[in-house]
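Biologist: Could you give me a close look at one part of this model, strand by strand? I'd like the side chains around it too, and then whatever else you'd point out along the way.

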Amino acid sequence: MQTSNTGRTDTYNNYGANLALEQQLSSSSILGIIYDFSYGRDNINSDNRYSYMSENALDSLLTTNSIQKGITRVHTLNAYYDLRLGSSGEKLNLAANYMHHSPDKNVNFTTLNHFTDISTVVKEPSDITYRIWTGEANLELPFSWLNIETGMKYSDIRNLSDMGYYNLIGSDYVAVPGRCNEFDYNERTIAGYISAKRSINSHFAIQAGLRYEHTFVKGITPHSDVEDVRADYGKLFPTVYLSYTLDKSNIFNVNYARRINRPYFRAINPFKWYTNPNNIDEGNPQLKPSYADNVELNYIFRSNLSATIYYQQENNAYGQMMYVKENNTTYSTYENIYNNRQFGMNLSYNLRPVSWWNVFLTGNYVYNNSEIKAEGYLAQNGSSFDFRINNTVSFDKERRFQLFLNYSHNFPYHVGVTYDNSYANFSMGLKGAFMENNLIVNIYANDIFKQDLVKRRKVAATNTQVYNNYYDSRYLRISITYKWGNNKLKTKSKKISFSERNRI
């Protein structure tokens with residue numbers, strides 16, 4: 001049996017700036033640029049106690065003190081050009097996005113083996129850079145009998161990583177070749193889509209679309225025995241939406257969509273992350289995306305009540321797996337380990353018991369049935385339920401002074417090889433508007449009763465891995481906003497589509 005207990009303190013300092021420029025080139029065209037910059041420093045101090053017991057006897061005991069310092073710089077640039085082509089609503093939208101994300105970190109840890117009384121001092125510097133380019137063109141053609149949308153998109157994602165591992169020998173740090181890692185990953189995707197929407201009559205409407213994506217992947221790990229990654233695959237993704245409006249109070253929708261879930265870059269990158277010399281986390285460059293087919297039936301009553309029944313079939317889903325190797329070393333990586341069938345029901349209701357009190361209620365039931373592909377692990381099938389209650393209390397008719405009380409509760413959740421225990425969150429906030437709504441003060445407290453705990457276990461045929469983690473989500477946030485100038489001036493924010501950056 002292995003036991004690992006870690007206590008850590010995280011400190012973050014983040015700064016950011018934003019610049020948005022938009023120029024009306026003509027009565028039918030707009031050119032815009034948005035630039036975002038963020039700079040962050042993080043410091044993490046942790047103490048780990050790692051023990052291994054064999055036949056009820058303590059076989060090894062390690063204690064590790066770790067200090068991590070990092071600097072993260074993020075530059076994001078978005079450019080767009082919108083052109084109105086005709087008087088009937090024809091539009092052409094061109095957009096280009098770029099992100100440069102560089103989270104550079106230095107980790108230093110000292111591990112004491114209490115059985116041998118030998119200390120190991122390690123330095124782990126990392127130099128990681130993500131570069132993401134995307135470009136797209138979208139065309140809207142609203143005909144009297146049919147609305148058509150079509151477009152193309154290209155994305156180019158580059159991940160350059162250099163992870164070092166150095167042991168202190170004497171007064172010098174010496175590189176350990178088997179634990180250093182370089183990785184050069186490039187993923188390019190070309191996509192095209194077409195969508196058509198038609199209102200058949202005052203009751204029925206239909207929309208159908210088809211998207212094709214073709215992806216080219218190349219991953220190289222020089223100076224190692226890790227196999228290079230090369231992939232070339234294309235898939236079709238259909239969507240169908242049917243809507244039936246019985247009257248102003250009753251609306252029915254039936255939807256089908258096929259989607260792709262590409263892994264996060266941390267799950268792909270094969271660099272080894274050490275919390276102590278015997279505990280290794282590593283990404284898997286051979287990891288494949290998963291595909292999900294979704295069917296949904298939705299009913300809306302008077303815009304207050306929404307009821308949904310849905311079914312999802314996901315193939316090739318991935319998760320993090322842990323293995324025990326020789327010398328009591330634990331090794332975790334990501335694998336495509338299961339197929340999942342999910343059935344669920346969701347109910348939400350918005351009500352106003354009195355004029356000054358608004359309540360939003362939502363509940364969700366899910367049943368997961370997983371087929372495990374990883375040898376030695378057991379499926380954790382079962383039902384789960386969660387609910388949320390949001391209360392807004394207004395102290396005046398203009399809603400200038402408000403109280404917010406929110407509570408959410410998640411009951412045990414089963415999926416794949418994982419079982420999560422219950423957790424909850426209670427939060428509250430206050431809002432005050434002064435000086436004719438020009439000065440707005442917000443106070444918000446999150447997870448007041450320290451209920452947002454992660455207790456998880458993964459079940460294998462020969463062992464059970466238990467995780468008890470608490471990531472402190474309690475905070476008190478105070479914000480003060482003051483507006484000046486012409487309040488009658490109407491402004492709107494440009495919605496930028498740049499989903500690729502969410503994989504970092």
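Modeller: Sure, and a bit of bookkeeping goes in front: two strands pair if DSSP finds at least two bridges between them. The strands themselves are DSSP runs of E with at least two residues, helices being runs of H or I with at least four, and numbering goes from the N terminus. Keep in mind that this is a predicted model, so local features need pLDDT of at least 70 and side-chain atom pairs count only at pLDDT 80 or more, while totals for chains, interfaces and linings use all residues. Residue numbers start from 1 along each chain as its sequence is written, and side-chain values use heavy atoms, with hydrogens and water left out.

The part I'd zoom in on is an open sheet of four antiparallel strands, in the order β21-β22-β25-β26. The edges are β21 (413-415) and β26 (464-469), each of which pairs on one side only. On average, neighbouring strands here are turned by 15° against each other, direction ignored; that comes from axes, which are lines fitted to C-alpha atoms (for helices over the stretch in contact), with angles running from 0 to 180 degrees between N-to-C directions. In general, strands of a sheet pair through backbone hydrogen bonds, either parallel or antiparallel.

Now look at the middle of that order. Three bridges hold the antiparallel pair of β22 (residues 418-420) and β25 (residues 454-459). On the β22 side, Thr418 has Lys458 of β25 as its bridge partner. Asp420 also belongs to β22. Its relative accessible area is 14%, so Asp420 is buried (buried is under 20%, exposed over 50%, partly exposed in between, with a 1.4 Å probe and protein chains only). Leaving out residues up to four places away in sequence, Asp420 touches Pro412, Tyr413, Lys455 and Arg456, where contact means heavy atoms within 4.5 Å. With Arg456 there is also a side-chain to side-chain polar contact of 2.7 Å. A polar contact is a pair of N or O atoms within 3.5 Å; within protein, one must be able to donate a hydrogen and the other to accept it, and residues adjacent in sequence count only if both atoms are side-chain atoms. For a sense of the fold around Asp420, Gln320 is 100 residues away in sequence, yet the two C-alpha atoms are 14 Å apart.

From that sheet, go to Gly416: its backbone nitrogen lies 2.9 Å from a polar atom of the Ser370 side chain. Ser370 is in strand β18 (residues 357-372). With a relative accessibility of 6%, Ser370 counts as buried. Beyond residues up to four places away in sequence, its contacts include Val415 and Gly416, along with Tyr338, Asn339, Asn340, Ala379 and Asn381.

Between the strands there are a couple of loops worth a click. The one joining β23 (423-434) and β24 (439-446) holds Asn437. Asn437 is not a glycine, yet has a positive phi, near 65°, and at 36% relative accessibility this residue is partly exposed. Arg302 also has a positive phi without being a glycine, about 55°. Arg302 sits in the loop between β15 (290-301) and β16 (305-324), and a relative accessible area of 54% makes it exposed.

One more strand pair while you have the model open. β7 (residues 166-169) and β8 (residues 172-175) are antiparallel over four bridges. They make a hairpin with two residues in between, and Gly170 in the turn has a positive phi of about 70°. Among the facing residues, Ile169 is opposite Asp172, and Asn167 has Val174 as its bridge partner. β7 also pairs with β5 (residues 118-142), antiparallel over two bridges. There, Lys123 stands opposite Tyr166, and the charged end of Lys123 sits over the Tyr166 ring, 5.7 Å from its centre. To qualify, NZ of Lys or CZ of Arg has to be within 6 Å of the ring centre and within 35 degrees of the ring normal. Lys235 does this over the ring of Tyr291, at 5.4 Å from the centre.
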